[in-house]
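Me: I would like to learn how to read a protein model. Could we go through one together, feature by feature?

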Amino acid sequence: MKKETKHAKNRPLKRLRRRLKRYVYRFLVAIYEGEIRISLFGIFCTLFCLALFVGFFFPNKETKESPTVSSVLGSELTHALHFAAASAARSELNADITLLLIPELEEEAALSSLLNSSLYGFYLSGKEISYLPEYYASLSDVFHEGIPYIGGLSFSYNPNRFLYNRATNIELLKEDGTLSALSDDALYYVIGNESVFAMFHYLSSQTFHLLDIKPKNAAGAPVSDYSEQLLRGQNGSRTFYELYRAYLLDNTTSGSTRNAGEVFLCRSFNTYELFSQLNGAGYFILGSVLILFALALYIRPYLRRIRIWFRIFLIRRKKRGKATLRSRLYTARLARRHAA
């Protein structure tokens, strides 16, 4: 029995290449000679579908964001809050999520205003908590009040996704480092400073209330008066200053090197990564694009007629403008003659 040579093994591949070349050549010749009519719109749709298909094979790589000054400070304040909750055994300090809006620390009064700001405790549903990373991923460059820090949450974001839909893989990060999934209907206790309420309002207004966040009390009812959710201590309202001071002065705490929140960056054009885990804003944008595409397909046969109507409208408008200008000049001349 003869052994199969390397040349014989490659013959099926060569035949496939030849056939593909023939089909592509015949297709191009048919387009050139007018046997197959294809428009620019059809070419665009074909290339777009081909790009989506090829995008499934693009790599999807996530890298953990390097710590910044604001993330280190937010992590330290979160650890101080957990330490105060454990040492004082107070339930109002035991938060699932620590939400901070950290201003630019280059200014002199920025750090003191952050540490002296009052703390508020409120509840958010799991669905509303999944909206919080969208502020970090989509609006942190636009809203100049500060950079958000979300302690107790792990998420990744992709800047190539739809606006207001860039955060994915959102999970709760516990103190022992384990992750757990969010439940949309469950309520989670959140502690934050006063400036986070402005962040909620800004995110809701920018997304036309598609990503609406409403703080709630323990019963799950929306809160309109935020002063009811103020955390109070012995000397008035609680601040990060007294919690962080007690955290630093305690000799048993050596300082936790683990970050209280994890953020991953993924700059991928993978099709599944771009269109998976859509929220309300993402479905709205995708639906708008599909409606525009359907309208383009419907209007396409009448495009020539629409162009003609538009040209006639412009010509009539120009003539109407000239006629009115002539009539104004004529009336002005008549008025001068009567005055003379």
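Reply: Gladly; we will go from the whole chain to a sheet, a strand and some aromatic rings. Keep in mind that this is a predicted model.

Me: Let's start with the whole chain. How many helices and strands does the chain have?

Reply: There are 12 helices and 11 strands in the chain. The chain has 340 residues, and 34% of them count as buried. Its exposed area is about 23300 Å², with 58% supplied by carbon and sulfur atoms. You can also look at how far apart in sequence touching residues are. Among contacts between residues at least 6 apart in sequence, 78% join residues at least 24 apart.

Me: Now a sheet. In what order do the strands of the open sheet of 4 strands lie?

Reply: Read across the sheet rather than along the chain. The order is 3-8-2-4, and the pairing is mixed. At the edges are strand 3 (119-125) and strand 4 (147-151), each of which pairs on one side only. From one strand to the next, the twist averages 25 degrees.

Me: How many bridges join strand 3 to strand 8?

Reply: The two strands run antiparallel and are joined by 7 bridges, with strand 8 covering residues 187-193. To find one of these bridges on screen, look for F122, whose partner in strand 8 is V190.

Me: Which helix lies across these strands?

Reply: That is helix 8 (residues 196-206), which lies across strand 2 (97-102), strand 3, strand 4 and strand 8. Helix 8 runs at about 85 degrees to strand 2.

Me: How should I read a single strand, such as strand 5? Which way do its residues point?

Reply: Check each side of the strand in turn. L153, F155 and Y157 point one way, S154 and S156 point the other way, and all are buried. Strand 5 (residues 153-157) is thus mostly covered, with 5 of its 5 residues buried. Next, look at the partners. Strand 5 pairs with strand 6 (residues 167-173) in the antiparallel sense over 4 bridges, and there Y157 stands opposite A167. With strand 11, strand 5 pairs in the parallel sense over 4 bridges, and S154 has E262 as its bridge partner.

Me: Why does E262 count as buried?

Reply: The cut-off for buried is under 20% relative accessible area. E262 counts as buried because its relative accessibility is 18%. Leaving aside residues up to four places away in sequence, E262 touches K64, L153, S154, F155 and L173.

Me: Is F143 buried or exposed?

Reply: F143 counts as buried because its relative accessibility is 11%. You will find F143 in the loop between helix 7 (132-139) and strand 4. Beyond residues up to four places away in sequence, F143 touches L101, Y135, A198, M199 and Y202. F143 and Y202 are 59 residues apart in sequence, yet 8.2 Å apart in space, C-alpha to C-alpha.

Me: How many aromatic pairs are there?

Reply: The count comes to 13 aromatic pairs. One of them, F53 with F57, is edge-to-face, at 5.7 Å centre to centre and 75 degrees between the planes. By contrast, F197 and Y226 have ring centres 4.0 Å apart and planes at 10 degrees, so this pair is stacked. F197 lies in helix 8 and Y226 in the loop between helix 8 and strand 9 (232-233), so the pair ties together parts 29 residues apart in sequence. F197 counts as buried at 9% relative accessibility, while Y226 is partly exposed at 30%.

Me: Which residues do ring pairs link into a cluster?

Reply: The cluster is made of Y120, F122, F197, F200 and Y226.

Terms used. Residues numbered from 1 in each chain as written. Predicted model: local features only at pLDDT ≥ 70, side-chain atom pairs only at ≥ 80, totals over all residues. Heavy atoms only, no water. Pairing = 2+ DSSP bridges. Axes fitted to C-alpha atoms, helices over the stretch in contact; angles between N-to-C directions. Contact = heavy atoms within 4.5 Å. Buried < 20%, exposed > 50% of the residue type's maximum accessible area, 1.4 Å probe, protein only. Areas by Shrake-Rupley, 256 points an atom, 1.4 Å probe, with all protein chains shown as cover. Phe/Tyr/Trp six-rings, centres within 6.5 Å; stacked < 30°, edge-to-face > 60°.
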